[in-house]
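Trainee: Please take one part of this model and go through it closely. I would like the surroundings described as well, in one connected account.

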Amino acid sequence: MPDSQPWYVVDTNILIDFYRGDLLDALFALSAVFLAPDVIVAELGEPDGQRLLAMGLESVSLTGEQVMEVVELAAVHRAPSINDLFALVLARAALLLTGDGALRRLAESEGIEVHGTLWLLDELIRLAIVTPAKAAECLECMVRHGSRLPEDECERRLRRWRKR
């Protein structure tokens, strides 16, 4: 994989948010390598894991040593889920993209850089991949479809993006 591009490990909820916001094409337009543990790709129904692979998502199988690390983490932490722990272990050499609170807290405690849906939307605007108006429309759609994003942060962005 090219060293010039950042590596992003993507958790399920990010992929679902961007699917529901109809922004998967924009997400994969970012100049980054998107990775997901194979267990996460296999669990996806909507969006379909195979569709995401065709769009550029890379499915990664963890090594035996990494799987043992997942097992050890699961013995100590009730949350996040096993699949989330796969993402955490994979993200040790990358940036983790998740909206899961338990996974975010554990990753940060382990020194892993973590961002979520709102940060990605900010990046898409900053890089002129989407307009602020389009980001606002898509964020509203994500929220309507049950995305668990912080309400105050969403409102702040919606106000700012609508003013542009």
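**A buried position and its surroundings**

Mentor: Apart from its neighbours within four places in sequence, V89 is in contact with L62, Q66, E69, V70 and L73, where contact means heavy atoms within 4.5 Å. The model is a predicted one, in which local features need pLDDT of at least 70, side-chain atom pairs count only at pLDDT 80 or more, and totals for chains, interfaces and linings use all residues. Residues are numbered from 1 along each chain as its sequence is written, and side-chain values use heavy atoms, with hydrogens and water left out.

V89 belongs to helix 6; helices are DSSP runs of H or I with at least four residues, strands are runs of E with at least two, and both are numbered from the N terminus. With a relative accessible area of 3%, V89 is buried (buried is under 20% relative accessible area, exposed over 50%, partly exposed in between, with a 1.4 Å probe and protein chains only). Its contact L62 is 27 residues away in sequence, and the two C-alpha atoms are 8.4 Å apart. Helix 6 spans residues 82-90, and the loop between it and helix 5 (64-76) holds P80. The peptide bond from A79 to P80 is cis, with omega near 10 degrees. A second cis bond runs from E46 to P47, with omega near 5 degrees; P47 sits in the loop between helix 3 (38-43) and helix 4 (49-55).

Helix 6 also matters for the count of the largest nonpolar core, to which it gives the largest share, 6 residues. That core has 56 residues, and F18, L27, F34, L96, L121 and L139 have the most contacts inside it. Such a core is a set of buried Ala, Val, Leu, Ile, Met, Phe, Trp, Tyr and Cys residues joined through side-chain atoms within 4.5 Å. F34, setting aside neighbours within four places, touches residues including Y8, V10, L27, F28 and L97.

L121 leads to helix 8, where T117, L118, L120, L121, E123, L124 and I125 are buried. Because 7 of its 10 residues are buried, helix 8 is largely enclosed by the rest of the structure. The cover over these buried residues includes helix 1, helix 2, strand 4 (95-97), helix 9 and helix 10.

Helix 8 (residues 117-126) packs against helix 10 (residues 151-163) at about 15 degrees, with the axes 11 Å apart. The axes are lines fitted to C-alpha atoms over the stretch in contact, and angles run from 0 to 180 degrees between N-to-C directions. The two helices are therefore roughly parallel, the class for angles under 35 degrees. L118, L121, D122 and I125 of helix 8 meet E153, C154, R157, R160 and W161 of helix 10. These residues divide into 5 nonpolar, no polar and 4 charged, with Ala, Val, Leu, Ile, Met, Phe, Trp, Tyr, Cys and Pro counted as nonpolar, Asp, Glu, Lys and Arg as charged, and the others, Gly among them, as polar.

After helix 8 comes A128, with a positive phi near 60 degrees. A128 lies in the loop between helix 8 and helix 9 (132-144), and at 66% relative accessible area it is exposed.

Technical notes. Parallel < 35°, antiparallel > 145°, perpendicular 65-115°, else oblique.
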